[in-house]
Amino acid sequence: AKRERGEALSPEDKRPINKKTMAQLAGIFRFVWPYKIPFAIGLLCLAFSTGTILAFPFMAGKLLDIANGKPVPYFTTIGQVALALVAILALQALFSFTRVYTFSLVSEKSLADVRKTVYQKIIWLPMRFFDSRRVGELMSRITSDVSTLNDLLSFTLAEMMRQLLTLIFGTVLILFLTPSLAVFMLLTFPVLVLLVLVFGKYIRKLSKQTQDKLAETNVIVEESLQSISVVKAFTNELFEIGRYVRSMNDVVATAIRTARYRGMFISFAIFTMLGGIVAVAWYGAMQVQSGNITVGELFTFVLYTTFIGASIAGLGDIYAQMQRAIGASERLLEILDEKDESSSQSASEAIKLHGEIEFQNVWFSYPTRLDYTVLKGLDFRIEPGEKVALVGQSGSGKSTIISLLMRFYAVEKGTVRVDGTPVDQFNLSAYRKNIGIVPQEVILFGGTIEENIAYGKPGASLEEVKEAARKANALEFIESFPEKFKTVVGDRGVKLSGGQRQRVAIARAILKDPAILILDEATSSLDAHAEVLVQEALEKLMEGRTSIIIAHRLSTIKKVDRIFVIKEGTLAEVGSHTELTKLNNGIYNNLLKLQLQ
Ligand code: ADP
């Protein structure tokens with residue numbers, strides 16, 4: 001339900017670790033499966049390197065025993081033991097290297113696969129999905145959620161195995177080697193475990209709060225930067241800065257509170273751990289004195305206890321990281337489970353439509369606003385090659401008509417037909433290839449002008465692109481740039497003027513060569529010269545195509561075959577400019593009067 005309302009999910013949602021959530025985590029492991037061999041090698045190396053680390057205290061103890069003149073099996077001199085220790089270290093280094101390398105390799109490769117799959121999924125999702133999601137939220141699926149999983153695969157998982165192995169085998173070893181000391185020490189464990197549980201819970205709660213607050217500051221940055229021109233136009237820089245500073249101070253306050261608990265936790269933990277060791281050392285020293293154990297055995301034992309203590313402390317952290325990873329994988333799988341449009345867009349034979357459009361009793365409301373009916377029984381028919389202008393107040397439903405024609409949404413009731421066939425019966429890609437759009441706000445992609453024009457027909461030759469640019473009255477300005485068609489535009493390149501951008505969009509549409517053309521007139525007017533160039537190009541583009549113009553200016557409307565006046569989702573008036581101006585008190589007449597004022 002939270003998703004339906006379009007609220008961003010906190011990236012720090014904590015998930016309980018149980019059968020169900022573990023199954024979700026396992027769902028992500030299907031991406032690791034292709035790399036199972038290096039993964040298995042990594043696991044083996046991990047076990048071996050943990051093993052060599054565990055051998056270390058044992059050998060170090062032998063070193064002391066030889067120094068104290070105690071007989072030691074297999075070794076006679078300190079030098080031999082030292083050499084064995086070096087050999088153990090070298091093995092450990094080799095295993096660690098292989099482990100880190102293979103785990104990183106597996107996680108980088110499999111998570112790149114996750115990113116590719118999720119991106120592919122998102123791009124194929126239907127329009128209504130994007131109505132209820134914020135771009136920033138989707139971005140964080142691909143970036144931060146996948147990063148969390150990266151931590152899991154390349155680090156957390158290995159750490160968890162290492163800590164568990166150290167804990168289990170370390171305990172078994174001390175129980176086996178020096179049972180009396182081991183039992184004594186195990187008594188301090190419950191204190192440590194209790195500490196981890198109690199403090200861990202508080203700290204996790206607080207760090208979630210910190211994360212939430214941080215997410216809030218990010219929203220402020222995203223919002224203000226996305227509409228930076230609005231911020232500046234209203235000279236609200238100081239207001240935005242104030243918002244951000246307040247929000248950031250909140251983050252710091254929460255983070256400091258967290259730090260207090262974290263500090264207490266760490267100091268208590270160290271105190272308990274070292275206190276346990278002191279107690280064991282005291283008890284052990286007495287055992288050595290009474291000759292029950294050797295100095296070497298005591299030393300070995302103390303080293304093992306520190307290892308075991310550290311692994312218990314480490315497991316607490318790992319638990320929290322596992323929870324985060326479960327949250328991340330749940331959100332990723334959720335997106336992967338959405339129904340996308342790729343199957344209805346799979347490669348199919350091209351369709352060549354003539355461009356007859358018919359709306360039959362079309363009713364529609366947006367999936368995010370089902371209680372509000374936008375189109376109410378719309379009925380009309382547009383002949384192939386006809387030019388129609390949609391006029392009406394903003395919010396009357398003009399863009400919605402276009403969205404339904406584009407099949408961005410499915411109609412609720414009634415039928416949209418093109419060339420007599422209900423549109424939902426066509427292959428979606430093949431169908432959309434027959435519709436060209438020159439939008440109100442032309443969006444250029446970062447890249448060259450050539451690439452931007454060729455967006456209308458991927459793979460078009462430079463010759464085709466040039467020809468389209470010529471027809472779109474764009475050749476002249478493009479060739480005036482030093483790099484001509486290779487000029488980089490967009491964020492990191494040349495900024496094109498409104499009129500130039502429109503002509504690039506017209507060239508795109510010319511390349512696409514669609515049967516149906518949609519023009520969403522720019523509301524902001526161009527200077528007279530640019531206006532003439534754009535109008536000329538548009539007229540060339542419309543020739544021989546069914547054209548629907550969302551009209552804002554009188555000049556265009558006069559030339560179309562028919563005008564549809566849309567009012568509150570219904571067709572209020574239909575006719576040519578002359579016909580409609582003859583209607584007394586007609587809506588069209590009133591709109592005209594408003595514009596003339
Ligand atoms: P026009 O193009 O005539 O200005 P629209 O077709 O854009 O009007 O909008 C018609 C109605 O539908 C408006 O009330 C608008 O708020 C609503 N609307 C438009 N797009 C969406 C959407 N994606 N989700 C929910 N409501 C929408």
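Helices and strands are DSSP runs, numbered from the N terminus. In this predicted model, the loop between H2 and H3 holds Tyr-74.

Helix H2 covers residues 36-67. Its length was checked against its residue count. At 1.5 Å a residue, the 32 residues of H2 should span 46 Å. The end C-alpha atoms of H2 lie 47 Å apart, which agrees with that expectation.

Parts of H2 are buried. Phe-39, Gly-42, Cys-45 and Leu-46 are among the buried residues of this helix. Others include Ser-49, Thr-50, Ile-53 and Pro-57. Gly-61, Lys-62, Leu-63 and Ile-66 also belong to the buried set. What covers the buried residues of H2 includes three helices: H3 (78-124), H5 (135-177) and H10 (295-337).

The backbone beyond H2 was examined next. Gly-69, just after H2, has a positive phi of about 80°. Tyr-74 also takes a positive phi, near 70°, and is a residue other than glycine. Most residues other than glycine have a negative phi. Is Tyr-74 buried or exposed? A residue counts as exposed if 12 or fewer other C-beta atoms lie within 10 Å of its own. Tyr-74 has 8 such atoms within 10 Å, so Tyr-74 is exposed.

A positive phi also occurs at Glu-568, in a residue other than glycine. Here the value is near 45°. Glu-568 sits in the loop between strand S11 (562-567) and strand S12 (570-575). A residue is partly exposed when its count falls between the exposed limit of 12 and the buried limit of 20. Glu-568 has 14 C-beta neighbours inside 10 Å and therefore counts as partly exposed.

Technical notes:
Residues are numbered from 1 along each chain as its sequence is written. This is a predicted model: local features need pLDDT of at least 70, side-chain atom pairs count only at pLDDT 80 or more; totals for chains, interfaces and linings use all residues. Helices (H or I, at least four residues) and strands (E, at least two) are DSSP runs, numbered from the N terminus. The expected span of a helix is 1.5 Å times one less than its number of residues. Two residues are in contact if their C-beta atoms, placed from the backbone, lie within 7 Å.
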